Amino acid sequence: MKPWTLSLALICCTMAALAQTNVHFSNQQATNILAGNYDPGQYASEATTNPHKITLDINRSVRPDSLRSYLERMSRFETRHTSSDTASSTRGIGAARRWALHKFQQISEANNDRLVCTYLNWERNICGVNEHKNIVAILPGSGLGTVNTTAPGIVIIEAHLDSRCDDGCDTSCVAHGMEDNGSGSALVLELARVMSKYQFERTIVFMLTVAEEQGLYGAKALSDYCFQNEVDIAAVLNNDVIGGVICGETSSPPSCRSSFP
């Protein structure tokens, strides 16, 4: 074997060993939708399809009190570390992800069950824990009348739910993570609430990932899934630390005007 061939083989083996594995949705309906195997009429909406009116309505409908309530609830979990407690009903990532899935389900029920709610399960050794879950709500699109309803490409609206302290594997410390990234997670939930009354041409995936703090692994799990299953992605809107002050002691450049040249 030539040296460069051996090196390439070693790199591929190393990447395979470090990759997320067993990536799958807990809800078969989600699998079918991203494969384009569904009836768009089942998720049709009587609301307007005019993009300008939808934009105005979304802007009017986002409620500060809703965002605050999500943040206050996330804070009570004390930590949302990816590898923290999964058994407790009040503390840790297990309680947080069950709450988030329940919120998506409540939103769906209020909008004629238009959201398909599910976990995206995946495996990777992170701080000694191997099994992990992203929290996902899918709003199936109309598909522009095509046979393959995902042909235009899905739109992903995401944020990472997990938090951490200085030690990336400290699963017992208190890590409320309100800015990083309770703020982005709250927005994804709120956007799911105000957008799920409509049906858009493209399928929209609202997703709260885990393991961002250890290396973007939750996001990579969905990326791997889409690549392996030939799911086209039209756009990704990532929301990370969206709630920081414009300028102050806790603000980082370039958020302060004084930091601009």
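## A walk from the core outwards

Let us start in the middle: the largest nonpolar core holds 61 residues, and Phe104, Met195, Phe206 and Leu208 are the members that touch the most others. The model you are looking at is a predicted one, so these contacts belong to predicted coordinates. In soluble globular proteins, nonpolar side chains tend to be buried together.

Phe206 is a good residue to centre your view on. Setting aside neighbours within four places in sequence, Phe206 is in contact with Phe104, one of the other core members named above, and with Leu115. Its contacts also include Ile135, Val136, Ala137 and Leu139, as well as Ile157. Further along the chain, Val188, Leu191, Ala192 and Met195 complete the list of residues that Phe206 contacts.

Before going further, it helps to step back to the whole chain. The protein chain has 7 helices and 6 strands, and from the N terminus on, its elements run α-β-α-α-α-α-β-β-β-α-β-α-β. Of its 261 residues, 45% count as buried. Among contacts between residues at least 6 apart in sequence, 75% join residues at least 24 apart.

How much confidence does the predictor place in the chain? The mean pLDDT is 88, and 83% of the residues reach 70 or more. The N-terminal stretch needs a separate word: over residues 1-16 pLDDT stays under 50, and for these residues the model has 1 contact beyond four places in sequence. Where pLDDT is low, the predicted coordinates should not be read in detail.

Now back to Met195, which leads from the core to the largest pocket. This pocket has a volume of about 410 Å³. Of the 19 residues that line the pocket, Met195, Phe200, Glu201, Arg202 and Ile204 are the closest to its centre. Met195 therefore appears twice in this tour, as one of the core residues touching the most other members and as one of the lining residues closest to the pocket centre. Which elements supply at least two residues each to the lining of the largest pocket? They are α3 (51-61), β4 (154-160) and α6 (178-195), and α6 gives the most, with 3 residues. Sorted by class, the lining has 11 nonpolar, 6 polar and 2 charged residues.

Helix α6 deserves another look for its backbone. A cis peptide bond joins Asp180 and Asn181, with omega at about 5°, and Asn181 has its place in helix α6. Asp180 turns up again among the residues touched by Glu213. Glu213 is found in the loop between β5 (204-209) and α7 (217-228). Not counting residues up to four places away in sequence, Glu213 touches His160, Asp162, Ser163 and Arg164 along with Asp180. The C-alpha atoms of Glu213 and Cys169 are separated by 9.9 Å, with their positions 44 residues apart along the chain.

Two other backbone details are worth finding in the viewer. Asn22 has a positive phi of about 50° although it is not a glycine. Asn22 lies in strand β1 (residues 21-25), and with a relative accessible area of 47% it is partly exposed. Glu78 also has a positive phi, of about 70°, and is likewise not a glycine. Glu78 lies in the loop between α4 (64-75) and α5 (93-109), where it is partly exposed, with a relative accessible area of 33%.

Strand β1 is also the place of Thr21. At 36% relative accessibility, Thr21 counts as partly exposed. Beyond its neighbours within four places in sequence, Thr21 is in contact with Trp122 and Glu123. The C-alpha atoms of Thr21 and Asn130 are separated by 9.9 Å, although these residues are 109 apart along the chain.

We can finish with two serines in helices. Is Ser108, in helix α5, buried or exposed? Ser108 counts as buried because its relative accessible area is 4%, below the 20% cut-off. Leaving aside neighbours within four places in sequence, Ser108 is in contact with Asp113, Arg114, Leu115 and Cys117; Leu115 is also one of the contacts of Phe206. Ser69, in helix α4, is partly exposed, with a relative accessible area of 35%. The C-alpha atoms of Ser69 and Ala186, 117 residues apart along the chain, are separated by 8.7 Å.

Definitions and conventions:
Residues numbered from 1 in each chain as written. Predicted model: local features only at pLDDT ≥ 70, side-chain atom pairs only at ≥ 80, totals over all residues. Heavy atoms only, no water. Core = buried A, V, L, I, M, F, W, Y, C linked by side-chain atoms within 4.5 Å. Buried < 20%, exposed > 50% of the residue type's maximum accessible area, 1.4 Å probe, protein only. Contact = heavy atoms within 4.5 Å. 1 Å grid on protein atoms, 1.4 Å probe; cavity = no way out; pocket = protein on both sides within 12 Å on 5 of 7 lines; lining within 4 Å. Points joined across faces, edges and corners; volume = space filled by probe spheres on them. Helix = DSSP H or I, 4+ residues; strand = E, 2+ residues; numbered from the N terminus. Nonpolar A, V, L, I, M, F, W, Y, C, P; charged D, E, K, R; others polar. pLDDT = per-residue confidence, 0-100.
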